Amino acid sequence: MHETDRANDLWARRFHPVEDADSRVVFFPHAGGSAPFFHPFSAMLATHGIDVLSLQYPGRQERREEPAVDSLPELVDGIFAALRSWQDRPLVLMGHSMGAVLAHEVARKFEQSTQGTPLGLIVSGRRAPSVYREENAHKLDDAAFIAEIRGLSGTAAPLLEDAELLRMILPALRADYKAVETHEPDPLPLLRCPVGVVTGESDPRVSPAEARAWEKHTTSSLHYRSFTGGHFFLNDHRSAVCDTVVEFVGAFGKEAAAAR
């Protein structure tokens with residue numbers, strides 16, 4: 001894909017281009033999230049010479065006229081097709097919560113195709129695929145569903161109190177929750193690339209043991225870092241999380257070089 005085509009890409013936002021970067025981190029937002037959530041992370045990583053893409057799922061912001069997608073495989077296919085044109089440098093896929101599930105499946109899709117192995121995967125705020133929890137929030141009525149979202153402190157409170165804005169974001173939120181809650185991950189194949197894990201120590205959605213269980217899903221190494229806070233610990237530790245991403249990307253690069 002030429003640069004002019006990339007500029008029209010619906011899926012990827014590139015807020016702070018680093019043209020001479022050695023690697024590129026691709027951020028996968030959480031359920032109900034959008035590309036600008038990672039704007040501050042992009043700015044910080046750019047100062048470390050890392051190029052960043054942040055994904056924009058259908059059904060929100062400038063893609064709000066598109067129907068939201070409630071199928072995780074359909075989202076994976078769309079993201080994979082878009083990212084194939086961004087492989088002019090090694091990719092590190094990083095997702096938070098639902099985004100971690102998507103990033104894992106896209107990484108596996110790359111490895112199962114002829115498109116090459118990602119430099120690494122970083123998962124945030126998500127238990128390993130081998131750890132099952134029954135979740136059916138997408139089936140709740142509106143009041144209970146909104147209460148569930150508010151409890152995680154991820155969506156700005158004013159959005160949940162504004163009836164008009166709520167009507168706009170609720171379909172995408174429900175679609176995202178349905179996509180991830182109905183997803184049944186296949187235990188195989190294992191990833192060949194290394195995995196980095198970042199998690200909140202008091203996250204109600206994932207315990208430290210459930211986060212460390214990601215080591216069962218790669219034949220390579222696991223890198224682990226925990227932070228104080230809950231499900232959206234990233235908001236309280238942006239600088240430290242970015243430092244950790246830089247550290248993980250550096251470790252992934254060294255491991256790839258050693259394997260050549």
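**Arg13 and Glu62.** I looked up the polar partner of Arg13 in this predicted model and found that its side chain makes a polar contact with the side chain of Glu62, at 2.5 Å. I placed Arg13 in strand β1, residues 12-13. I then checked its accessibility: the relative value is 16%, under the 20% limit, so Arg13 counts as buried. I listed its contacts, leaving out residues up to four places away in sequence, and recorded Ala35, Val52, Leu53, Ser54, Gln56, Glu62 and Arg63.

**Gln61.** I turned to the backbone at Gln61, which is found in the loop between β3 (51-55) and α3 (72-83). I noted a positive phi of about 50° there, although Gln61 is not a glycine. Its relative accessible area is 36%, and I therefore entered Gln61 as partly exposed.

**Ser97.** I also looked up phi of Ser97, which is near 60°, a positive value in a residue other than glycine. Ser97 has its place in the loop between β4 (91-96) and α4. At 10% relative accessibility, I entered Ser97 as buried. For context, I recalled that most residues other than glycine have a negative phi, and most peptide bonds are trans.

**Pro189.** I examined the peptide bond from Leu188 to Pro189 and found that it is cis, with omega near 0°. I located Pro189 in the loop between α7 and β6 (195-200).

**Thr218.** I asked which backbone atoms lie by the polar side-chain atoms of Thr218. The backbone oxygen of Cys193 lies 2.6 Å from a polar atom of this side chain, and the backbone nitrogen of Ser220 lies 2.9 Å from a polar atom of it. Thr218 itself is found in the loop between α8 (208-212) and β7 (222-227). With a relative accessible area of 7%, Thr218 is buried. Setting aside neighbours within four places in sequence, I listed its contacts as Leu190, Leu191, Arg192, Cys193, Pro194 and Val195.

**Nonpolar cores.** I looked up the largest nonpolar core, which has 50 residues. Phe28, Ile79, Leu83, Leu93, Leu102 and Leu121 touch the most other members. I found that helix α4 (residues 98-112) provides the largest share of this core, 8 residues. A second, separate core has 23 residues, and I noted Phe41, Leu119, Ile122 and Val241 among them. I recalled that, in soluble globular proteins, nonpolar side chains tend to be buried together.

**Leu83.** I followed Leu83 further and, without its neighbours within four places in sequence, found it in contact with Val26, Phe28, Leu53, Leu55, Leu91, Leu93, Val106 and Phe110.

**Helix α4.** I checked the span of α4: its 15 residues reach 21 Å from the first C-alpha to the last, close to the 21 Å expected at 1.5 Å a residue. I asked how many residues of α4 are buried. The count is 13 of the 15, so α4 is largely enclosed by the rest of the structure.

**Second largest pocket.** I noted a volume of about 400 Å³ for the second largest pocket. It is lined by 23 residues, and I recorded Tyr132, Val180, Glu181, His183 and Pro185 as lying nearest its centre. I then asked which helix supplies the largest share of this lining. The answer is α4, with 3 residues. I noted that α4 and α7 (163-181) each supply at least two residues of the lining.

Technical notes
Residues numbered from 1 in each chain as written. Predicted model: local features only at pLDDT ≥ 70, side-chain atom pairs only at ≥ 80, totals over all residues. Heavy atoms only, no water. Core = buried A, V, L, I, M, F, W, Y, C linked by side-chain atoms within 4.5 Å. Buried < 20%, exposed > 50% of the residue type's maximum accessible area, 1.4 Å probe, protein only. Helix = DSSP H or I, 4+ residues; strand = E, 2+ residues; numbered from the N terminus. Contact = heavy atoms within 4.5 Å. Expected span 1.5 Å × (residues − 1). Polar contact = N/O pair within 3.5 Å; in protein donor to acceptor, adjacent residues only side chain to side chain. 1 Å grid on protein atoms, 1.4 Å probe; cavity = no way out; pocket = protein on both sides within 12 Å on 5 of 7 lines; lining within 4 Å. Points joined across faces, edges and corners; volume = space filled by probe spheres on them.
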